[in-house]
Amino acid sequence: MSELKLHILGCYSATPRAFTNPTAQALEIKNHIFLIDCGEGTQVQLRKQKIKFSRIKHIFISHLHGDHFFGLPGLLSTFRLLGRDTPLHVYGPKGIKEAVTMMLKVGSAWTNYPLLFHELSSSNSELIFEDEKVEVHTIPLFHRVYTNGFLFKEKLGDRKLDINAVLNYNIDTCYYQNIKKGKDITLDNGEVIPNEKLTSDPVKPKSYAFCSDTSYNESIVPIIENTTLLYHESTFLEEHANLATQTGHSTAKQAATIALDANVERLILGHYSTRYGNINEFKQEAKLVFDNVELAEDGKEFLF
(Lines give C-alpha, C1' and ligand atoms only; values in the text may rest on other atoms or scores of the structure.)
Protein backbone atom coordinates (compact mmCIF):
# COMPACT_ATOMS: atom_id res chain seq x y z
CA MET A 1 0.00 0.00 0.00
CA SER A 2 1.35 3.42 -0.93
CA GLU A 3 2.01 5.85 1.89
CA LEU A 4 2.11 9.62 1.49
CA LYS A 5 4.20 11.82 3.74
CA LEU A 6 3.68 15.50 4.47
CA HIS A 7 6.55 17.49 5.98
CA ILE A 8 5.59 20.72 7.76
CA LEU A 9 8.54 23.05 7.21
CA GLY A 10 6.75 26.13 8.53
CA CYS A 11 3.18 26.81 9.60
CA TYR A 12 2.90 30.26 11.16
CA SER A 13 1.61 33.48 9.65
CA ALA A 14 3.46 36.72 8.96
CA THR A 15 7.05 36.99 10.20
CA PRO A 16 9.60 34.30 11.14
CA ARG A 17 10.61 33.97 14.79
CA ALA A 18 13.44 32.12 16.52
CA PHE A 19 11.20 29.09 17.03
CA THR A 20 8.55 29.37 14.29
CA ASN A 21 8.69 29.63 10.51
CA PRO A 22 6.33 30.94 7.81
CA THR A 23 4.49 28.62 5.47
CA ALA A 24 6.26 25.85 3.57
CA GLN A 25 5.53 22.16 3.13
CA ALA A 26 7.01 19.20 1.28
CA LEU A 27 4.71 16.42 0.06
CA GLU A 28 6.08 12.98 -0.82
CA ILE A 29 3.71 11.27 -3.25
CA LYS A 30 4.41 8.58 -5.86
CA ASN A 31 8.18 9.20 -5.97
CA HIS A 32 7.70 12.97 -6.20
CA ILE A 33 8.67 15.55 -3.61
CA PHE A 34 6.49 18.60 -4.24
CA LEU A 35 7.41 21.81 -2.42
CA ILE A 36 4.33 23.81 -1.46
CA ASP A 37 4.94 27.48 -0.67
CA CYS A 38 8.39 28.71 0.24
CA GLY A 39 8.46 31.20 3.09
CA GLU A 40 11.69 32.71 4.38
CA GLY A 41 14.06 30.04 5.76
CA THR A 42 12.56 27.14 3.81
CA GLN A 43 15.91 25.79 2.65
CA VAL A 44 17.15 25.63 6.25
CA GLN A 45 14.04 23.67 7.22
CA LEU A 46 14.56 21.32 4.27
CA ARG A 47 18.05 20.57 5.53
CA LYS A 48 16.81 20.00 9.08
CA GLN A 49 14.33 17.43 7.79
CA LYS A 50 16.97 15.85 5.51
CA ILE A 51 14.96 16.37 2.33
CA LYS A 52 17.18 16.10 -0.74
CA PHE A 53 17.16 19.30 -2.77
CA SER A 54 17.78 17.34 -5.97
CA ARG A 55 14.45 15.52 -5.62
CA ILE A 56 12.46 18.75 -5.76
CA LYS A 57 11.41 19.29 -9.36
CA HIS A 58 8.09 21.11 -8.88
CA ILE A 59 7.33 24.05 -6.57
CA PHE A 60 3.79 25.34 -6.01
CA ILE A 61 3.32 28.90 -4.69
CA SER A 62 -0.14 29.83 -3.45
CA HIS A 63 0.15 33.63 -3.58
CA LEU A 64 2.59 36.49 -3.60
CA HIS A 65 2.56 37.54 0.02
CA GLY A 66 6.09 37.45 1.41
CA ASP A 67 5.53 34.83 4.09
CA HIS A 68 4.69 32.37 1.31
CA PHE A 69 7.40 32.97 -1.27
CA PHE A 70 10.26 35.14 0.03
CA GLY A 71 12.35 31.99 0.52
CA LEU A 72 12.13 31.08 -3.15
CA PRO A 73 14.92 33.27 -4.64
CA GLY A 74 17.37 32.01 -2.03
CA LEU A 75 16.46 28.39 -2.64
CA LEU A 76 16.81 28.79 -6.41
CA SER A 77 20.22 30.40 -5.90
CA THR A 78 21.33 27.53 -3.68
CA PHE A 79 20.28 25.03 -6.34
CA ARG A 80 22.65 26.86 -8.70
CA LEU A 81 25.53 26.79 -6.20
CA LEU A 82 25.02 23.05 -5.75
CA GLY A 83 25.45 22.51 -9.49
CA ARG A 84 21.89 21.56 -10.31
CA ASP A 85 21.30 20.79 -13.99
CA THR A 86 17.82 19.25 -13.97
CA PRO A 87 14.78 21.42 -14.85
CA LEU A 88 12.73 23.05 -12.10
CA HIS A 89 9.07 23.96 -12.56
CA VAL A 90 7.51 26.77 -10.53
CA TYR A 91 3.71 27.17 -10.47
CA GLY A 92 2.33 30.40 -9.06
CA PRO A 93 0.31 33.57 -9.66
CA LYS A 94 0.99 35.82 -12.61
CA GLY A 95 3.87 38.09 -11.62
CA ILE A 96 5.97 35.45 -9.90
CA LYS A 97 8.34 35.13 -12.87
CA GLU A 98 9.07 38.86 -12.92
CA ALA A 99 9.53 39.06 -9.14
CA VAL A 100 11.91 36.12 -8.88
CA THR A 101 13.93 36.61 -12.06
CA MET A 102 14.55 40.28 -11.28
CA MET A 103 16.07 39.42 -7.91
CA LEU A 104 18.23 36.65 -9.37
CA LYS A 105 19.49 38.86 -12.19
CA VAL A 106 20.23 41.85 -9.96
CA GLY A 107 22.21 39.53 -7.68
CA SER A 108 24.04 37.92 -10.63
CA ALA A 109 22.60 34.59 -9.49
CA TRP A 110 20.73 33.54 -12.62
CA THR A 111 20.32 29.78 -12.78
CA ASN A 112 22.47 27.46 -14.83
CA TYR A 113 19.61 24.95 -14.96
CA PRO A 114 16.28 25.24 -16.81
CA LEU A 115 13.85 27.29 -14.69
CA LEU A 116 10.30 27.04 -16.02
CA PHE A 117 7.51 29.24 -14.70
CA HIS A 118 3.83 28.31 -15.04
CA GLU A 119 1.90 31.46 -14.19
CA LEU A 120 -1.70 31.10 -13.03
CA SER A 121 -4.56 33.57 -13.41
CA SER A 122 -7.76 31.53 -13.67
CA SER A 123 -10.50 31.99 -11.09
CA ASN A 124 -11.65 28.41 -11.73
CA SER A 125 -10.06 25.14 -10.65
CA GLU A 126 -7.71 23.82 -13.31
CA LEU A 127 -5.38 20.88 -13.89
CA ILE A 128 -1.80 22.21 -13.77
CA PHE A 129 0.30 19.05 -13.51
CA GLU A 130 -0.21 15.44 -14.54
CA ASP A 131 1.84 12.32 -15.08
CA GLU A 132 0.94 8.63 -15.10
CA LYS A 133 0.44 8.46 -11.33
CA VAL A 134 -0.44 11.94 -9.99
CA GLU A 135 -2.44 15.00 -10.93
CA VAL A 136 -2.51 18.46 -9.35
CA HIS A 137 -5.45 20.87 -9.51
CA THR A 138 -5.74 24.43 -8.26
CA ILE A 139 -8.24 25.33 -5.53
CA PRO A 140 -9.36 28.97 -6.04
CA LEU A 141 -9.17 30.70 -2.66
CA PHE A 142 -10.41 34.04 -1.37
CA HIS A 143 -7.71 36.26 0.05
CA ARG A 144 -6.59 39.87 -0.32
CA VAL A 145 -4.61 38.97 -3.45
CA TYR A 146 -5.04 36.30 -6.12
CA THR A 147 -4.53 32.97 -4.31
CA ASN A 148 -4.76 29.27 -5.07
CA GLY A 149 -4.67 26.19 -2.92
CA PHE A 150 -3.58 22.91 -4.48
CA LEU A 151 -5.20 19.47 -4.64
CA PHE A 152 -2.77 16.57 -5.11
CA LYS A 153 -4.45 13.33 -6.20
CA GLU A 154 -3.13 9.85 -6.80
CA LYS A 155 -4.53 8.23 -9.92
CA LEU A 156 -6.33 4.90 -9.68
CA GLY A 157 -3.70 2.16 -9.84
CA ASP A 158 -3.71 -1.29 -11.40
CA ARG A 159 -5.99 -4.01 -10.14
CA LYS A 160 -4.48 -6.42 -7.63
CA LEU A 161 -3.51 -9.78 -9.09
CA ASP A 162 -4.90 -12.88 -7.34
CA ILE A 163 -1.86 -15.09 -7.79
CA ASN A 164 -3.64 -18.25 -6.66
CA ALA A 165 -6.36 -17.73 -9.27
CA VAL A 166 -3.98 -17.17 -12.18
CA LEU A 167 -1.93 -20.19 -11.17
CA ASN A 168 -5.08 -22.28 -10.93
CA TYR A 169 -5.93 -21.40 -14.54
CA ASN A 170 -2.29 -21.97 -15.56
CA ILE A 171 -2.07 -18.50 -17.12
CA ASP A 172 1.33 -17.54 -18.49
CA THR A 173 3.12 -14.67 -16.73
CA CYS A 174 3.25 -12.70 -19.99
CA TYR A 175 -0.47 -11.94 -19.52
CA TYR A 176 -0.16 -10.65 -15.94
CA GLN A 177 0.21 -7.00 -16.92
CA ASN A 178 -2.92 -7.09 -19.11
CA ILE A 179 -4.82 -8.74 -16.28
CA LYS A 180 -3.78 -6.01 -13.84
CA LYS A 181 -5.01 -3.47 -16.40
CA GLY A 182 -8.48 -5.04 -16.17
CA LYS A 183 -8.56 -7.24 -19.26
CA ASP A 184 -10.28 -10.64 -19.47
CA ILE A 185 -8.18 -13.62 -20.53
CA THR A 186 -8.99 -16.26 -23.16
CA LEU A 187 -7.47 -19.67 -22.47
CA ASP A 188 -6.08 -21.97 -25.17
CA ASN A 189 -9.33 -23.97 -25.12
CA GLY A 190 -11.35 -20.84 -25.89
CA GLU A 191 -12.71 -20.36 -22.38
CA VAL A 192 -12.90 -16.66 -21.36
CA ILE A 193 -11.95 -15.91 -17.77
CA PRO A 194 -13.55 -12.66 -16.52
CA ASN A 195 -11.08 -10.27 -14.96
CA GLU A 196 -12.96 -10.15 -11.65
CA LYS A 197 -12.07 -13.83 -11.11
CA LEU A 198 -8.38 -13.02 -11.40
CA THR A 199 -8.08 -9.71 -9.58
CA SER A 200 -9.41 -7.57 -6.78
CA ASP A 201 -10.04 -3.82 -6.73
CA PRO A 202 -7.00 -1.53 -6.63
CA VAL A 203 -6.06 0.40 -3.51
CA LYS A 204 -8.20 3.48 -3.08
CA PRO A 205 -6.25 6.54 -4.30
CA LYS A 206 -5.25 9.11 -1.68
CA SER A 207 -5.39 12.87 -1.93
CA TYR A 208 -4.09 15.96 -0.18
CA ALA A 209 -5.67 19.42 -0.27
CA PHE A 210 -3.60 22.45 0.70
CA CYS A 211 -5.76 25.47 1.46
CA SER A 212 -3.46 28.37 2.16
CA ASP A 213 -4.56 31.89 3.14
CA THR A 214 -8.30 32.21 2.56
CA SER A 215 -11.44 33.59 4.06
CA TYR A 216 -14.29 31.17 4.71
CA ASN A 217 -16.03 30.23 1.47
CA GLU A 218 -18.09 27.13 0.85
CA SER A 219 -17.45 27.14 -2.91
CA ILE A 220 -14.25 25.12 -2.40
CA VAL A 221 -16.17 22.21 -0.84
CA PRO A 222 -17.01 20.37 -4.12
CA ILE A 223 -13.35 20.59 -5.22
CA ILE A 224 -11.93 19.01 -2.05
CA GLU A 225 -14.81 16.64 -1.30
CA ASN A 226 -13.76 13.27 0.21
CA THR A 227 -10.09 14.28 0.38
CA THR A 228 -7.90 12.02 2.51
CA LEU A 229 -6.05 14.88 4.22
CA LEU A 230 -6.93 18.57 4.28
CA TYR A 231 -4.65 21.37 5.46
CA HIS A 232 -6.72 24.49 6.03
CA GLU A 233 -5.44 27.76 7.41
CA SER A 234 -6.75 28.84 10.80
CA THR A 235 -5.10 32.16 11.47
CA PHE A 236 -7.56 33.20 14.18
CA LEU A 237 -9.83 31.79 16.85
CA GLU A 238 -13.53 32.50 16.66
CA GLU A 239 -13.26 35.31 19.22
CA HIS A 240 -11.36 37.25 16.53
CA ALA A 241 -13.64 36.32 13.62
CA ASN A 242 -13.96 40.00 12.75
CA LEU A 243 -10.19 40.15 12.13
CA ALA A 244 -10.41 37.05 9.96
CA THR A 245 -13.03 38.74 7.81
CA GLN A 246 -11.04 41.98 7.56
CA THR A 247 -7.78 40.27 6.58
CA GLY A 248 -9.09 37.47 4.34
CA HIS A 249 -8.34 34.65 6.74
CA SER A 250 -10.25 31.87 8.53
CA THR A 251 -10.89 30.78 12.09
CA ALA A 252 -10.34 27.26 13.41
CA LYS A 253 -14.11 26.79 13.59
CA GLN A 254 -14.52 27.85 9.96
CA ALA A 255 -11.76 25.47 8.83
CA ALA A 256 -13.49 22.64 10.68
CA THR A 257 -16.81 23.53 9.04
CA ILE A 258 -15.20 23.23 5.60
CA ALA A 259 -13.74 19.85 6.59
CA LEU A 260 -17.12 18.63 7.80
CA ASP A 261 -19.01 19.82 4.72
CA ALA A 262 -16.38 18.32 2.38
CA ASN A 263 -16.43 14.96 4.22
CA VAL A 264 -12.63 14.82 4.43
CA GLU A 265 -10.95 12.13 6.51
CA ARG A 266 -8.48 14.29 8.46
CA LEU A 267 -7.97 18.00 9.03
CA ILE A 268 -4.70 19.75 9.79
CA LEU A 269 -4.81 23.31 11.10
CA GLY A 270 -2.03 25.85 10.56
CA HIS A 271 -0.99 29.42 9.70
CA TYR A 272 -1.55 30.49 13.28
CA SER A 273 -1.36 34.14 14.24
CA THR A 274 1.48 34.72 16.68
CA ARG A 275 -0.92 36.61 18.96
CA TYR A 276 -1.88 33.25 20.50
CA GLY A 277 0.35 31.62 23.08
CA ASN A 278 -1.25 28.17 23.03
CA ILE A 279 -2.08 26.60 19.67
CA ASN A 280 -4.01 23.80 21.37
CA GLU A 281 -6.87 26.28 21.56
CA PHE A 282 -7.22 25.96 17.78
CA LYS A 283 -7.68 22.20 18.06
CA GLN A 284 -10.17 22.52 20.89
CA GLU A 285 -12.26 24.98 18.91
CA ALA A 286 -12.20 22.93 15.70
CA LYS A 287 -13.09 19.65 17.45
CA LEU A 288 -16.43 21.12 18.47
CA VAL A 289 -17.33 20.89 14.77
CA PHE A 290 -15.09 18.18 13.25
CA ASP A 291 -13.59 15.37 15.29
CA ASN A 292 -10.45 14.26 13.40
CA VAL A 293 -8.32 17.38 13.86
CA GLU A 294 -4.54 17.67 14.12
CA LEU A 295 -2.20 20.62 14.52
CA ALA A 296 0.61 21.51 12.15
CA GLU A 297 3.90 22.24 13.90
CA ASP A 298 7.25 23.11 12.37
CA GLY A 299 9.21 19.91 11.80
CA LYS A 300 6.21 17.63 12.15
CA GLU A 301 5.49 14.84 9.66
CA PHE A 302 2.12 13.34 8.76
CA LEU A 303 1.75 9.92 7.17
CA PHE A 304 -1.46 9.02 5.36
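Tyrosine 276 is buried in this predicted model, because its relative accessible area of 10% falls under the 20% limit for that class. Phenylalanine 282 goes further down the scale: its relative accessible area is 0%, so it too counts as buried.

Where does the chain place its aromatic rings relative to each other? The structure holds 15 aromatic pairs. One of them joins phenylalanine 79 to tyrosine 113 in an edge-to-face arrangement. This contact links distant parts of the chain, since phenylalanine 79 belongs to helix H3 while tyrosine 113 sits in the loop between helix H4 (96-106) and strand S6 (115-120), 34 residues apart. Both of these residues are buried. Tyrosine 276 and phenylalanine 282 make another edge-to-face pair.Here are the two pairs side by side.

| Aromatic pair | Centre to centre | Angle between planes |
|---|---|---|
| Phenylalanine 79 and tyrosine 113 | 6.3 Å | 70 degrees |
| Tyrosine 276 and phenylalanine 282 | 5.1 Å | 90 degrees |

Rings also gather in a bigger group: ring pairs link Phe34, Phe60, Tyr91, Phe129, Phe150, Phe152, Tyr208 and Phe304 into a cluster.

One member of that cluster, Phe129, leads us to a pair of strands. Phenylalanine 129 has valine 136 in S8 as its bridge partner. Strand S7 covers residues 127-130 and strand S8 residues 134-140, and the two pair in the antiparallel sense over three bridges. With three residues between them, S7 and S8 form a hairpin. As a reminder for reading such strands, side chains in a regular strand alternate between the two faces of the sheet.

Now back to helix H3, the home of phenylalanine 79. Is this helix enclosed or open to the outside? Seven of the 10 residues in H3 (residues 72-81) are buried, so the helix is largely enclosed by the rest of the structure. The buried residues are Leu72, Pro73, Leu75, Leu76, Ser77, Thr78 and Phe79. When you look along a helix, it helps to recall that an α-helix has 3.6 residues a turn, so residues three or four places apart point the same way. Just after H3, glycine 83 adopts a positive phi of about 80 degrees.

Finally, two charged side chains meet aromatic rings. Which ring does arginine 17 lie over? Arginine 17 is found over the face of tyrosine 12, at 5.5 Å from the ring centre. In a second case, lysine 105 places its charged end over the ring of tryptophan 110, 5.6 Å from the centre of that ring.

Technical notes: Residues are numbered from 1 along each chain as its sequence is written. Side-chain values use heavy atoms; hydrogens and water are left out. Buried means under 20% relative accessible area, exposed over 50%, partly exposed in between (1.4 Å probe, protein chains only). Helices (H or I, at least four residues) and strands (E, at least two) are DSSP runs, numbered from the N terminus. Two strands pair if DSSP finds at least two bridges between them. Rings of Phe, Tyr and Trp (its six-membered ring) pair if their centres lie within 6.5 Å; planes under 30 degrees apart count as stacked, over 60 as edge-to-face and the rest as tilted. A charge sits over a ring if NZ of Lys or CZ of Arg is within 6 Å of the ring centre and within 35 degrees of the ring normal.
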